[in-house]
Amino acid sequence: MGNERDEKDKALFDPGNMLFVFYVGVVMGLIFLAMVVDGRAAVDRGNRGEFNLSEVQQGELLFTGTSEGKYLPAPQLSQDVEIYVSGMAARTMVRQRFLNSSKEWQEAIYVFPLPDESAVDRLRMRVGERVIEGEIREKIEARKIYEQARKEGKKASLLAQERPNIFTMSVANIGPGEEVEVEIEYQQVVGLADGVFSLRFPMVVGPRYIPGSPLKENGEQGAIHFAGSGWSLDTDQVADASRITPPVAIGAENKLNPVRLMVELAAGFPVAGVESLYHGITVSDEARGTKLIRFSGEVMADRDFVLEWKAEKMQSPHAALFTENRGGNDYLLLMLMPPEGENTDKVLARELIFVLDTSGSMAGPSIIQARAALVLAISRLHEYDRFNVIEFNSTARKLFPKAEAANVENRDRAVRFVESLQVDGGTEIASALNLALDGRQNNERIRQVIFLTDGCVGNEETLLAMIGSRLGDSRLFTVGIGSAPNSYFMSRAAAMGRGSFTYIGKIAEVQEKMMALFQKLEHPAVISLSVVDSKGQPMEYYPDPIPDLYQGEPLVISLKLPEQSDGLQITGSLGGQLWQEQVHTQTAARRPGVATLWARKKIRALMDSLALGGEKSEIREKVLETALEHHLVSRYTSLVAVEKQASRPQEQRVRQAALKTNLPQGWQADKIFGGTSRTATPAALHLFMGGLFLLAALLLVRRNRRAGV
Amino acid sequence: MKEWLLRMTAFVLLVSGSLLFADGCWIKAKAVLAQHLLHRAWEHTLQRGEPTKAWPWADTWPMARLRVERLGVDLIVLEGESGEVLAFGPGHIPRSSEPSADGHCVLAGHRDTSFRFLQELQVDDSISLQSRDGEWYSYSVRATAIGEADRLYLEESDLPCLTLLTCYPFAALDSRTNLRYLVFADRIPG
């Protein structure tokens, strides 16, 4: 028996057999690996029963109509955009036509972007000859009205704001083969920087969302669909359905959702050049200096439309004032260029405090970027500037006990200090803020604090409160570094610190972006701005406080004039001197939409204060009041239009269809993880490969030994 | 000559195999050990009401406690989503909502350590999250899904909801995958 076993063991451990086992092991490993790869394919296959991938990948607008896996083409959408520019203001009309080419009644849901700070105040629904004007309602109430109409078979449309620049249009009860047209209008201010006026209309073909897990007729929750081109979860509510929205194949969509665009440009001054940054346009001259701009040829609807224009040389306006009377109140829109002349050429002496985050989360490219940015900043300092460098991780420390003159010696010392910095430890921003902000008023110098960090902090509210109390007249500029800086905290901190937030995502961007920031910071034009009316009474104006002006940037404020007031007075500090400007309002040009813009800016200011920790219910009340008075869509108000008569017979069902959408704000998974997968560790692979290697080593050793015997 | 070559190969294989094996074990062990320290830090956090680090040089802090009774899961969630954070436990995507706020809270974890249990979660399972103020919030799993990372998009929301995210497939050896496994849950009011 014993001998037999020995024989058997010997046979098993025979080098030939061992090699065989080794090969079997390798082959099995390969098979296992193949299975892993196959596992991905299995995912696709597993869902194919419920979702036809190939169909979706073609970029057709499909939606899952029923639980049996039957698809209906979603209503087709075509859009007409007409933009009327008048001086500093622009009014845009977007006409969306939803055509239901299916044989069933449908509800169309379309999520789309509009420019930031667009004041949407009009919704009109056209059904054949009938025009139904939309009314402004509290958001929940508007939705109830809409749902009710949908149930009763009436045509209805609802325009709700998801984000300040993302809106949802829902159109209920579009009959088979029928077309419903919806018009929305909004007001906005055109951009102006360095003498170039600009206007943007967003039309990126972003992600579309497909109701993924439709509620079945009996209310039972269906299975989740996953499609190669996109997927999402569905409930009976739009808000929920849009939680996840996949992007859409660019290109194929263009013909499905065509956009026609027209701009009528009445700049109010001789225009030198009109330019479209990303689209081919044709420009024609109309009466009284007005220009008409249209798309020429095929339109690429895969990027935003941006139009820029300039005034003819020496004709560039230095101030503009528009007014509108609404409800007995005078509203103003004022644009003012900072004065140019001897005072602004003089570069002001500054005190710069650079704060650099050297915590563990800055490891890798982040700290390299940050160091490069700081060295650049230090090299740009002037002899008469003062500066200091603070680094912080678990604790904070200063380079100099107090800010020193930026002479060659000190600059060299600072560069050596910065280049020697290593990352380690936690992110104690509080101690750094404590060192950087002194709460003092500096009359002879402008104090700018430049804060480079990834903002990995947990006690945001405490820090913001600290900035508020210790700021003094310093200005705080936050620079977000790395793949995923806490932009939310840093933009709030910059707003609190009356500065700005710069985001640097790629190492290649450091030079360019930091240069732009430093150049801007070197030329503050007018600071500490405030406005009172001609009698010295305070006014309600936005933005409040008015941000500092830098060279080339105009001041654009929306004001509400107190009663019996005929002018206003702007005060600021220019090159250390008092700067004052009187504005008489009698001569202002009357323009509709000025009041709407004021209301929109007020809502924006209120929403900002919410983000800065304001009382939620109180702010909600104020926003609601303003939005309802000015007929504006906001976070708490929606526009709803309902047809009086029902058009859908009660026995027929209505199906929901979601249309393609552009990218709203949120978190994209590959952005979150910096484009690489990080929710898996190489542990399994290492264990497997390690085991394999050890096995192979064992075999070789044994073989060697046998060979040696 | 041949023998020498074999010996060298065996040696190289032995060393690299041991190192790889040890690294694999270390990744797993780290996740387990860290959770012990984190649970202690969490107790401190609850008592003091402010972020407490589990070890002095940590660049993150516990921000919530995650429990799934049915599966016996009890994890401390860390703030952040970097590789350094996820090595120790699930991480909270910084710009997503806190559990205590009405909004979309997104947590990410490794598929082979902290979030391995996601594959066993089923619709209607109950998930509990304890926020820093000690309050417990219950969520009910609404759905699970698989998506491609570069096409995956989690939207901000005013409604209280929770999304758990990990890599997919669970059993894969290769850590470079574009697929993500997601669990969506809605807060149960009350």
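## The end of a long run in chain B

Which residue follows α1(B), and what is the sign of its phi? It's B:Gly49, with a positive phi near 75 degrees. Keep in mind that this is a predicted model.

The helix that B:Gly49 follows, α1 of chain B, covers residues 2-48, 47 residues in total. At 1.5 Å a residue it should span 69 Å, and its end C-alpha atoms sit 67 Å apart, so the expected and modelled lengths agree. Its buried residues include B:Leu13, B:Gly17, B:Leu20 and B:Gly24. Further along, B:Ala31, B:Ala34, B:Gln35, B:Leu38, B:Ala41, B:Trp42 and B:Thr45 are also on the buried list. As background, an α-helix has 3.6 residues a turn, so residues three or four places apart point the same way.

## Chain B as a whole

Chain B has 2 helices and 9 strands. Going along the sequence, they come in the pattern α-β-β-α-β-β-β-β-β-β-β. Of the 190 residues in this chain, 50% count as buried. Take the contacts in chain B with a separation of 6 or more: 52% of them come from residues 24 or more positions apart.

There's a cis peptide bond here too, joining B:Tyr168 and B:Pro169, with omega about -5 degrees. B:Pro169 lies in the loop between β8 (161-167) and β9 (179-187) of chain B.

## How far to trust chain A

Chain A averages a pLDDT of 74, and 72% of its residues score at least 70. Among its elements, strand β8 (residues 135-138) has the highest mean pLDDT, 94, while helix α3 (residues 53-57) has the lowest, 25.

Residues 205-255 of chain A stay under 50 in pLDDT, yet the model gives them 154 contacts beyond four places in sequence. Residues 660-669 of chain A are also below 50, and that stretch has 49 contacts beyond near neighbours in sequence.

## An open sheet in chain A

Four strands of chain A make an open, antiparallel sheet in the order β30-β28-β32-β33. The edges are β30 (549-550) and β33 (577-584), each pairing on one side only. Inside the sheet, β28 (residues 524-533) and β32 (residues 567-574) run antiparallel and are joined by 6 bridges. In that pairing, A:Asp533 stands opposite A:Leu568 of β32(A).

A:Ser528 is in strand β28 of chain A, and it has a positive phi of about 50 degrees although it isn't a glycine. With 15 other C-beta atoms within 10 Å, A:Ser528 is partly exposed. Leading up to β30, the loop from β29 (540-542) holds A:Pro543, and a cis peptide bond with omega about 0 degrees joins A:Tyr542 to A:Pro543.

## Two helices side by side

Helices α9 (residues 429-436) and α10 (residues 460-470) of chain A pack at about 5 degrees, with axes 10 Å apart. That angle makes α9(A) roughly parallel to α10(A). On the α9(A) side the contact uses A:Ile429, A:Ala430 and A:Leu433; α10(A) brings A:Leu463, A:Met466, A:Ile467 and A:Arg470.

## Two more residues in chain A

A:Val94 is found in strand β4 (residues 89-99) of chain A. Is A:Val94 buried or exposed? Buried, because it has 22 C-beta neighbours inside 10 Å, and the cut-off is 20 or more. Beyond four places in sequence, A:Val94 is in contact with A:Gln79, A:Val81 and A:Ile184.

A:His631 isn't a glycine either, but its phi is positive, about 60 degrees. A:His631 lies in the loop between α14 (616-629) and β35 (637-646) of chain A, and its 18 C-beta neighbours inside 10 Å make it partly exposed.

Terms used. Residues numbered from 1 in each chain as written. Chains lettered and ligands numbered in written order. Predicted model: local features only at pLDDT ≥ 70, side-chain atom pairs only at ≥ 80, totals over all residues. Expected span 1.5 Å × (residues − 1). Buried ≥ 20, exposed ≤ 12 C-beta atoms within 10 Å, placed from the backbone. Pairing = 2+ DSSP bridges. Contact = placed C-beta atoms within 7 Å. pLDDT = per-residue confidence, 0-100. Axes fitted to C-alpha atoms, helices over the stretch in contact; angles between N-to-C directions. Parallel < 35°, antiparallel > 145°, perpendicular 65-115°, else oblique.
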